[in-house]
Amino acid sequence: MADAAVSGTRRTRRTQRVLVAADKFKGSLTAVEVAERVTAGLRRAVPGLQVEALPVADGGDGTVAAAVAAGFERREVRVAGPLGDEVTAAFALREGTAVVEMAEASGLQRLPAGVLAPLTASTHGSGELLRAALDAGARTIVFGVGGSATTDGGAGMLSALGARFLDAHGEPVPPGGGGLAGLASADLSGLDPRLTEVELVLASDVDNPLTGPKGAPAVYGPQKGASPDDVRALDAALAHFAKVLEGTAGPRAAEYAASPGAGAAGGIGYGALLLGARFRPGIEVMLDVLGFAPALDRADLVITGEGSLDEQTLHGKAPAGVAAAARAADKDVVAVCGRLALPPEVLGRAGIRRAYPLTDAEPDVAKCIAEAGPILERVAERIGRDFLT
């Protein structure tokens with residue numbers, strides 16, 4: 001167990017209210033389930049303890065679920081999956097603000113088991129989700145991107161919203177990033193005019209440009225099944241895509257391609273920037289949308305976490321965002337996780353007083369994954385004994 005400040009000493013004052021603001025344990029527990037299990041464990045140690053649950057997300061998969069848990073209305077719509085098959089996807093809506101999660105339509109989880117399609121997977125369904133949010137009357141759209149199956153620069157999304165991408169014969173280019181190699185002309189004049197009337201926020205935890213060594217194909221393509229040859233082909237196709245769009249939209253198309261966030265979720269960030277989106281770190285946006293600040297004011301102790309606390313956590317992931325906000329408010333933070341790969345001093349600099357990995361309670365990693373819920377309850381009970389009694 002890592003303790004960033006107290007080396008195992010026990011808290012002596014009773015905390016009156018706990019805020020559980022954790023992300024999912026990917027592959028084991030949703031953020032809502034994490035909150036439920038932590039609450040149950042804490043109350044075993046301190047019966048009647050006041051616990052407020054606010055599941056969080058950083059813009060990737062699980063973002064809509066976090067919004068619904070915070071009181072947003074869940075809306076479902078039939079859209080195209082990454083391979084064109086129809087799927088049921090959801091977005092969240094409350095008082096004119098929509099939370100749209102591109103992974104709902106175009107995420108890796110929408111691919112058939114064992115199937116990857118790095119060259120052909122399309123974001124068309126994500127554009128249909130955005131259109132559904134417009135149809136629902138949204139005036140602000142938080143567009144969370146991450147967990148994508150796609151590397152098409154947002155071309156599919158733009159097509160669903162009225163753009164046209166044609167080859168030399170005047171025919172639509174094939175779906176996916178690979179098809180953009182044959183792009184001859186782009187027409188954005190048919191884009192849904194309502195897009196100019198809404199505030200579109202691109203929420204992402206990555207700041208990669210569209211192409212190049214740190215671009216979407218090079219960094220994230222292999223995760224989607226892209227071979228080295230595929231990565232080179234996709235990088236060239238997206239660079240060509242941006243060049244053609246420069247001829248249509250002017251210099252801003254080239255500027256957006258080099259902007260932070262353009263490479264998010266296979267380049268859908270680039271398409272969103274072309275629509276006028278404002279890029280913000282995903283966890284910052286979601287904390288605002290979910291009402292984290294007032295919940296933090298009510299709390300004496302904050303419990304955050306995610307499946308793996310590692311170097312990636314420090315770069316815009318939910319626990320780091322929660323801890324930073326809590327530290328600014330002078331609130332203690334502890335973290336739960338499946339796996340811990342950060343030393344105590346790094347946790348301390350991130351604002352996390354102590355981390356409690358499931359592997360401390362159960363060294364068998366496979367068992368931790370399979371029985372994450374009950375083990376997390378035991379871990380939370382220990383937090384209750386350490387910090388609340």
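Reader: Is Arg-232 buried or exposed?
Author: This is a predicted model, so everything here is read from computed coordinates. Exposed means over 50% relative accessible area. Arg-232 has a relative accessible area of 53%, so Arg-232 counts as exposed.

Reader: Which residue forms a salt bridge with Arg-232?
Author: Side chains of opposite charge can pair when their charged atoms come close. For Arg-232, the closest N and O atoms of the pair are 2.3 Å apart. The partner is exposed too, with a relative accessible area of 52%. That partner is Asp-229.

Reader: Why are Arg-232 and Asp-229 separated by about one helical turn?
Author: An α-helix has 3.6 residues a turn, so residues three or four places apart point the same way. Arg-232 and Asp-229 both belong to helix H7, which covers residues 228-249. They are about one turn apart because their spacing in H7 is three residues.

Reader: Where do Glu-381 and Arg-385 sit, four residues apart?
Author: The side chains of these two meet in a salt bridge, 3.9 Å from N to O. Glu-381 is partly exposed at 22% relative accessibility, and Arg-385 is partly exposed at 38%. Being four residues apart, they are separated by about one helical turn, and the helix that holds them is H16.

Reader: Which residues are linked with Glu-381 and Arg-385 in a network of salt bridges?
Author: The Glu-381 and Arg-385 pair is part of a wider set of links. Besides those two, the network takes in Arg-37, Arg-44 and Glu-377.

Reader: Is Glu-362, which forms a salt bridge with Lys-367, buried or exposed?
Author: In this pair the closest N and O atoms are 3.9 Å apart. Lys-367 counts as partly exposed, at 35% relative accessibility. Buried means under 20%. Glu-362 has a relative accessible area of 16%, so Glu-362 is buried.

Reader: How many residues of helix H9 are buried?
Author: H9 runs over residues 264-274 and is mostly covered. Among its buried residues are Ile-268, Tyr-270 and Leu-273. The count is 11 of 11.

Reader: How many bridges join strand E4 to strand E5?
Author: E4 (residues 73-80) and E5 (residues 86-94) run antiparallel. One spot to look at is Glu-73, which stands opposite Leu-93 in E5. The number of bridges joining the strands is eight.

Reader: Which residue takes a positive phi in the hairpin of E5 and E6?
Author: E5 also pairs with E6 (residues 97-101) in the antiparallel sense, over four bridges. This hairpin has two residues between the strands. The residue with a positive phi, near 50 degrees, is Glu-95.

Notes:
Residues numbered from 1 in each chain as written. Predicted model: local features only at pLDDT ≥ 70, side-chain atom pairs only at ≥ 80, totals over all residues. Heavy atoms only, no water. Buried < 20%, exposed > 50% of the residue type's maximum accessible area, 1.4 Å probe, protein only. Pairing = 2+ DSSP bridges. Salt bridge = Lys/Arg side-chain N within 4 Å of Asp/Glu carboxyl O.
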